Amino acid sequence: MTAAAQKQDIIDLLLSQHNEIKSLFAKVRNASGGEQKRQAFQQLVRLLAVHESAEEQVVHPSARDDASDAVVDARLREEGEAKHVLSHLYDLGVDAPGFDAKFAEFERAVLAHATHEEQEEFPALRRNTDANTLRRMAGAVRAAEAIAPTRPHPAAGESAAANMIAGPPVAIFDRMRDAVRDWRQEHQR
Ligand SMILES: [Fe+2]
Ligand SMILES: [Fe+2]
């Protein structure tokens with residue numbers, strides 16, 4: 001890990017993942033050919049699993065104090081719904097006739113969810129949490145990323161990353177939730 005990456009706090013990290021999520025949506029949309037599209041979709045599943053698991057277990061709980069229960073409950077509902085739609089898209093398969101329309105709807109929902117977080121949760125978290133704690137919280141994201149690489153290793157290529165964790169979104173989300181939970185127990189956060 002580079003020194004710059006080590007200094008990134010959880011909010012910087014989640015914001016840069018919001019950008020990566022946006023690019024992956026575009027990558028799936030613009031993919032030519034089923035295999036390219038399938039790989040981009042699987043990459044998106046991994047990144048969303050890492051990202052949403054860290055938010056669910058590390059960010060939202062502290063936002064209950066910083067923002068409000070109503071705000072957090074709305075975000076958790078959206079994340080639950082996103083998992084459900086991802087599973088549906090996965091079962092459908094990227095080549096199915098209904099995939100693109102459903103995927104476009106999903107993209108709008110996920111981007112609206114991210115905007116809510118950026119406006120309603122992240123600023124309060126930054127105001128109410130000291131810089132060191134925010135940097136330590138980033139460990140939750142890295143613990144999940146260590147299991148599910150969110151971008152292919154330059155030398156190994158996407159297929160190696162995909163082989164490390166593939167399969168139904170529900171299974172991937174469960175593994176990420178466990179990884180973040182283990183990290184929290186180890187670090188008492
Ligand atoms: Fe989220
Ligand atoms: Fe997010």
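In which handedness of crossing does H3 pass H4? In this predicted model, H3 passes H4 in a left-handed crossing, and the close-up views below follow helix H3 from that contact to the two iron ions and on to its other packing partner.

**View 1. Helix H3 packed against helix H4 (residues 69–92).** The two helices pack at an angle of about 160°, with their axes 11 Å apart, and because of that angle H3 counts as roughly antiparallel to H4. On the H3 side the contact is made by Phe41, Gln42, Val45, Leu48, Glu52, Glu55, Glu56, His60, Ala63 and Arg64, and these residues meet Asp69, Val72, Asp73, Arg75, Leu76, Glu79, Lys83, Leu86, Leu89 and Tyr90 of H4. Sorted by class, the contact of H3 with H4 holds 9 nonpolar, 2 polar and 9 charged residues.

**View 2. Coordination of the iron ion (ligand 1).** Five donor residues surround this ion, namely Glu52 (OE), Glu55 (OE), Glu79 (OE), His113 (NE2) and Glu117 (OE), at 1.9 to 2.3 Å. Along the sequence the donors of the iron ion (ligand 1) follow the spacing E-x2-E-x23-E-x33-H-x3-E. The pair formed by Glu55 in helix H3 and His113 in helix H5 links distant parts of the chain, 58 residues apart. Glu55 has a relative accessible area of 0% and is therefore buried, and His113, at 5% relative accessibility, counts as buried as well.

**View 3. Coordination of the iron ion (ligand 2) and the bridge between the ions.** The iron ion (ligand 2) is coordinated by His18 (NE2), His51 (NE2), Glu55 (OE), which is listed twice, and Glu117 (OE), at 2.0 to 2.7 Å. The donor residues of the iron ion (ligand 2) are spaced H-x32-H-x3-E-x61-E in sequence. A distance of 3.3 Å separates the iron ion (ligand 2) from the iron ion (ligand 1), and Glu55 coordinates both. Because Glu55 lies in helix H3 and Glu117 in helix H5 (residues 99–128), this pair ties together parts that are 62 residues apart in sequence. Both Glu55 and Glu117 are buried.

**View 4. Helix H3 (residues 34–66) packed against helix H8 (residues 169–187).** Here the packing angle is about 40° and the axes lie 9 Å apart, which means that H3 is oblique to H8. H3 passes H8 in a right-handed crossing, whereas the crossing of H3 with H4 is left-handed. From H3 the contact draws on Gln42, Val45, Arg46, Leu48, Ala49, Val50, Glu52, Ser53, Ala54, Gln57 and Val58, and from H8 on Pro169, Ile172, Phe173, Met176, Arg177, Val180, Arg181 and Arg184. The residues of the contact of H3 with H8 divide into 11 nonpolar, 3 polar and 5 charged. Glu52, one of the H3 residues in this contact, is also among the donors of the iron ion (ligand 1) and among the H3 residues that meet H4.

**View 5. Asp65 in helix H3.** Asp65 has a relative accessible area of 69% and is therefore exposed, whereas Glu55, also in helix H3, is buried at 0%. The C-alpha atoms of Asp65 and Asn128 are separated by 9.2 Å, although the two residues are 63 residues apart along the chain.

Definitions and conventions: Residues numbered from 1 in each chain as written. Chains lettered and ligands numbered in written order. Predicted model: local features only at pLDDT ≥ 70, side-chain atom pairs only at ≥ 80, totals over all residues. Heavy atoms only, no water. Axes fitted to C-alpha atoms, helices over the stretch in contact; angles between N-to-C directions. Helix = DSSP H or I, 4+ residues; strand = E, 2+ residues; numbered from the N terminus. Parallel < 35°, antiparallel > 145°, perpendicular 65-115°, else oblique. Left-handed = near helix turned anticlockwise from the far one by under 90°. Contact = heavy atoms within 4.5 Å. Nonpolar A, V, L, I, M, F, W, Y, C, P; charged D, E, K, R; others polar. Donors = N, O, S within 2.8 Å, 3.2 Å for Na, K, Ca; no water. Buried < 20%, exposed > 50% of the residue type's maximum accessible area, 1.4 Å probe, protein only.
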